[in-house]
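Q: Please zoom in on one part of this structure for me, and then show me how that part fits with what surrounds it. I'm new to this, so spell out the terms as you go.

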Amino acid sequence: MLKIVVMISGGGSNLQAIIDGIAHGVITDAEIVGVISNHKKAYGLERAMEHHIPCQVVSRGDFANQAEFYQALLAAVDGFMPDLIVLAGFLVVLPKDLIVVYRNKIINIHPSLIPAFCGTGYYGLHVHTAALARGVKIAGATVHFVDEGTDTGPIILQKAVEVKAGDTPESLQRRVMEEAEWVILPKAIRMIAKGEV
């Protein structure tokens with residue numbers, strides 16, 4: 001059984017996609033053993049509690065410096081003893097120690113077709129605003145392994161989504177989530193659980 005820790009910062013819609021994927025048999029041989037958030041009021045924590053998933057909050061504001069915060073973050077992850085860490089809208093740059101300890105055991109969902117619209121500053125609505133400003137006809141999402149760079153790790157899955165006339169960053173974000181993110185993230189986890197990656 002693949003033990004998963006999901007790390008979130010906000011609403012937890014991708015966490016919900018994983019929870020639903022396990023419940024409906026899309027993801028097999030895997031369980032979520034914990035959810036870690038860097039925000040005390042992240043709605044994703046409520047989603048986790050509704051499904052009796054243990055939660056932990058590690059907020060930067062609770063620590064004197066970045067080093068202490070990173071140490072606490074690593075301790076929180078270690079406490080769950082995960083086989084896989086899923087970054088599902090976790091808006092914190094991971095400490096190098098965490099990446100080294102969990103090499104090839106951390107994946108991220110990014111709301112673009114990497115290498116387009118990725119790297120520092122490209123997250124959330126910023127990605128979709130930039131895509132629309134550039135005039136692209138195809139958007140999408142990518143699941144990739146996490147390395148020391150920003151959105152630079154090996155790609156596991158991608159799914160394209162059509163950009164429609166009149167799209168706003170918000171409408172494009174919603175469609176990318178529904179048609180790509182919520183599809184390929186559970187699929188990637190299933191592949192990892194089955195040893196296909």
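A: Here's a walk through one helix, its neighbours, and then a few other spots.

Some ground rules come before that. This is a predicted model, where local features need pLDDT of at least 70 and side-chain atom pairs count only at pLDDT 80 or more, while totals for chains, interfaces and linings use all residues. Residues are numbered from 1 along each chain as its sequence is written, and side-chain values use heavy atoms, with hydrogens and water left out.

Let's start with helix 1, which covers residues 13-23. (Helices are DSSP runs of H or I with at least four residues, strands are runs of E with at least two, and both are numbered from the N terminus.) Its buried residues are Asn14, Leu15, Gln16, Ala17, Ile18, Ile19 and Gly21. "Buried" means under 20% relative accessible area, "exposed" means over 50%, and "partly exposed" is in between, using a 1.4 Å probe and protein chains only. Take Gln16: it counts as buried because its relative accessibility is 15%.

What do those buried residues pack against? They meet strand 1, strand 2 (30-37), helix 2, strand 4 (84-87), strand 5 (106-110) and helix 6. Right after helix 1 comes Gly25, with a positive phi near 80°.

Now look at the partner, helix 2 (residues 43-50): the two helix axes come within 9 Å and cross at roughly 20°. Axes here are lines fitted to C-alpha atoms over the stretch in contact, and angles run from 0 to 180 degrees between N-to-C directions. So helix 1 is roughly parallel to helix 2, since angles under 35 degrees get that label, while over 145 is roughly antiparallel, 65 to 115 roughly perpendicular and the rest oblique. The crossing is right-handed, meaning the near helix is turned clockwise from the far one by less than a right angle (anticlockwise would be left-handed).

Where they meet, Ser13, Leu15, Gln16 and Ile19 of helix 1 face Gly44, Arg47 and Ala48 of helix 2. That contact (heavy atoms within 4.5 Å) splits into 3 nonpolar, 3 polar and 1 charged residues. Here Ala, Val, Leu, Ile, Met, Phe, Trp, Tyr, Cys and Pro count as nonpolar, Asp, Glu, Lys and Arg as charged, and the others, Gly among them, as polar. Skipping residues up to four places away in sequence, Gln16 touches Arg47 and His51.

Two helix 1 residues, Leu15 and Ile18, also turn up among the residues that Val6 touches. Val6 is one of the residues with the most contacts inside the largest nonpolar core, which has 37 residues. Such a core is a set of buried Ala, Val, Leu, Ile, Met, Phe, Trp, Tyr and Cys residues joined through side-chain atoms within 4.5 Å. Helix 6 (residues 169-193) supplies the largest share of it, 9 residues. A second, separate core has 22 residues, including Ile36 and Leu73.

Helix 6 has another partner too: its axis and that of helix 5 come within 9 Å and cross at roughly 115°. That makes the pair roughly perpendicular. Among the residues meeting there are Leu125 and Leu132 from helix 5, with Leu172 and Val176 from helix 6.

For contrast, check Ala133, also in helix 5: it counts as exposed at 69% relative accessibility.
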